[in-house]
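Okay, thanks for coming, everyone. Let me put the structure up, and then we'll walk through it together.

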Amino acid sequence: MRTLHTVNKSPFEKSSLASCIRVMQPGSTVLLIEDAVFAAQSETLIRPALDKGQVYCLEPDYMARGLGSSQPVAGIQLVDYEGFVALAVEHDRVQSWL
Amino acid sequence: MKFGIVINEGPYQHQSSDSALQFAKAVLSCGHEIQRIFFYHDGVNNATRLTTPPQDDRHLQQQWTQLAQDHGVDLVVCVAAAQRRGIVDVDQMKRNGKDAHNLAPGFRISGLGQLIETAIEAERLIVFGD
Amino acid sequence: MSDELTQDDDYTDGIVKKLMYVNRRAPHGTIYALEALEVVLVGAAFDQDVSVVFMDDGVYQLKKGQDTKDLGVKNFSPAYRALEMYDVEKLYVEKESMEARNLTVDDLVVPVEVLSAHELGELMDTQDVLFNF
């Protein structure tokens with residue numbers, strides 16, 4: 001019964017990513033979208049999520065913010081919107097950390 | 001699979017309307033169904049037909065209307081949230097003594113019960129907000 | 001009113017889902033707390049298995065002693081006490097959020113169950129639908 005956790009705010013702006021990490025169960029999945037994609041470049045901030053489960057990042061948001069010239073933190077997978085849909089299908093519910 | 005989508009913010013101010021629209025299109029292109037898209041809080045502002053975005057920028061309301069027209073997607077605007085924010089259809093205009101209505105084509109105004117109904121009927125509910 | 005309830009019962013066809021409403025924002029600074037409560041109250045008529053969670057600044061929604069007189073805005077905190085009458089009885093606060101804000105259950109307007117972040121995550125993983133505002 002796995003949950004897909006989406007986070008959409010930058011971890012430098014809001015504590016939503018931290019709350020997500022605190023609550024998410026081991027084996028669940030995080031998808032970074034919108035401004036949260038900046039977390040994909042911070043080993044410190046995203047490592048606790050990678051230790052608990054899988055972390056994905058929405059590629060169109062990643063590219064839009066000028067991050068495309070560098071790789072995200074190792075272990076983070078970039079997906080497109082169809083990948084986002086696939087993640088929603090594979091998991092049992094979606095928790096949006098706004 | 002049947003999806004319900006909730007949008008909590010207005011167009012342009014936050015990215016959530018764009019994210020929701022892209023997600024909705026991807027749901028359909030992947031061969032799934034959209035049970036309903038429900039607009040709540042400032043999300044109701046997606047439903048005004050009076051926007052004039054810059055010519056070289058995307059026209060979100062028109063894209064929503066297109067989604068409804070091309071794919072029959074049910075776009076529902078919460079009546080209470082709409083009343084607070086001045087999103088008005090002909091019926092609400094008459095009931096509330098307003099001198100104008102502004103609801104864009106493809107949208108309909110209805111109660112919060114529709115959101116709960118979506119939660120019950122859809123297999124996945126995704127919320128886009130701030 | 002009873003007609004509406006009958007219609008809802010017929011509609012849901014006996015389907016009962018676990019709905020969780022997650023509140024993470026303080027009251028008054030934004031409308032999310034108030035409009036989330038409106039969803040909970042309307043949703044109560046659908047006889048689903050409802051849990052309401054308050055975490056992060058959402059715990060402040062339940063704080064006793066809110067006095068909005070000088071702001072000229074509605075004080076809707078008494079409405080949380082009415083939830084019980086709508087059979088919405090499963091109210092949870094996150095322990096870590098309470099502690100970070102120096103709050104105890106005695107500071108709140110309604111009885112709640114305190115869950116650790118871990119327990120909350122476990123509860124979340126049993127739900128069918130998660131609402132966020």
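So, to start: what pattern does chain B follow when you read along the sequence? Before I answer, keep in mind that this is a predicted model. Right, chain B goes β-α-β-α-β-α-α-β-α-β along the sequence. In total that's five helices and five strands.

Now the overall shape of chain B. For 130 residues, a compact globule would come out with a radius of gyration near 14 Å, and chain B has 14 Å, so the two agree. If you like boxes, the C-alpha atoms fill one of roughly 45 × 40 × 30 Å along the principal axes. Of the 130 residues in chain B, 50% count as buried. And if you take the contacts in chain B with a separation of 6 or more, 75% of them are between residues 24 or more positions apart.

One helix in chain B to point at is α2, residues 60-71. Those 12 residues reach 16 Å from first C-alpha to last, close to the 16 Å expected at 1.5 Å a residue. What follows α2(B) is B:Gly72, with a positive phi, near 65 degrees.

Okay, over to chain C. Chain C also comes to five helices and five strands, but read along the sequence the pattern is α-β-α-β-α-β-α-β-α-β. The radius of gyration of chain C is 15 Å, close to the 14 Å that the globule rule gives for 133 residues, so chain C is as compact as a globular protein of that length. The C-alpha trace spans about 45 × 40 × 25 Å along its principal axes. Buried residues make up 35% of the 133 residues in chain C. For contacts with a separation of 6 or more, residues 24 or more positions apart account for 72% in chain C.

The helix I'd like to spend time on is α2(C). Its 12 residues should span 16 Å at 1.5 Å a residue, and the end C-alpha atoms are indeed 16 Å apart. Which residues of α2(C) are buried? They are C:Tyr32, C:Ala33, C:Ala36, C:Leu37, C:Val39, C:Val40 and C:Gly43. These cover an arc of only 155 degrees around the axis, which means they sit on the same side of α2(C). As a reminder, an α-helix has 3.6 residues a turn, so residues three or four places apart point the same way.

And what covers that buried set? The cover includes α5 (113-121) of chain B, along with β1 (18-23), β2 (49-54), α3 (79-82) and β5 of chain C. So a helix from chain B is part of the cover for α2(C).

That takes us to the contact between chains C and B. How many residues does each chain give? Chain C gives 18 and chain B gives 15. On the chain C side, the elements giving two or more residues are α1 (2-12), α2 (32-43) and β5 (129-132). The largest share there, six residues, comes from α2(C). By class, that side divides into 11 nonpolar, four polar and three charged residues.

Then there's the largest nonpolar core, with 102 residues. The members that touch the most other members are A:Leu32, B:Ile5, B:Val77, C:Tyr21 and C:Phe131. Here α2(C) turns up again, giving the most to this core with six residues. In general, nonpolar side chains in soluble globular proteins tend to be buried together.

Zoom in on C:Tyr21 for a second. Leaving aside neighbours within four places in sequence, C:Tyr21 is in contact with C:Ala36, C:Val39, C:Val40, C:Val52, C:Val53 and C:Phe131. Three of the names in that list should ring a bell: C:Ala36, C:Val39 and C:Val40 are among the buried residues of α2(C).

On to the other contact, chain B with chain A. Here 16 residues of chain B are in contact with 11 residues of chain A. On the chain B side, α1 (16-29) and β5 (124-128) are the elements that give two or more residues, and α1(B) gives the most, with six. By class that side has eight nonpolar, six polar and two charged residues.

Last stop, A:Leu50, which is in helix α2 (residues 43-52) of chain A. Buried or exposed? A:Leu50 is partly exposed, because 16 other C-beta atoms lie within 10 Å, and 20 or more would make a residue buried. Beyond four places in sequence, its contacts are A:Val55 and A:Gly75.

Okay, happy to discuss.

Notes:
Residues are numbered from 1 along each chain as its sequence is written. Chains are lettered from A and ligands numbered from 1 in the order in which they are written. This is a predicted model: local features need pLDDT of at least 70, side-chain atom pairs count only at pLDDT 80 or more; totals for chains, interfaces and linings use all residues. Two residues are in contact if their C-beta atoms, placed from the backbone, lie within 7 Å. Helices (H or I, at least four residues) and strands (E, at least two) are DSSP runs, numbered from the N terminus. Ala, Val, Leu, Ile, Met, Phe, Trp, Tyr, Cys and Pro count as nonpolar, Asp, Glu, Lys and Arg as charged, and the others, Gly among them, as polar. A nonpolar core is a set of buried Ala, Val, Leu, Ile, Met, Phe, Trp, Tyr and Cys residues joined through C-beta atoms within 7 Å. A residue is buried if 20 or more other C-beta atoms lie within 10 Å of its own, exposed if 12 or fewer, and partly exposed in between; C-beta atoms are placed from the backbone. The radius of gyration is taken over C-alpha atoms; the globule rule is 2.2 Å times the number of residues to the power 0.38. The expected span of a helix is 1.5 Å times one less than its number of residues. The arc is that of the directions from the helix axis to the C-beta atoms.
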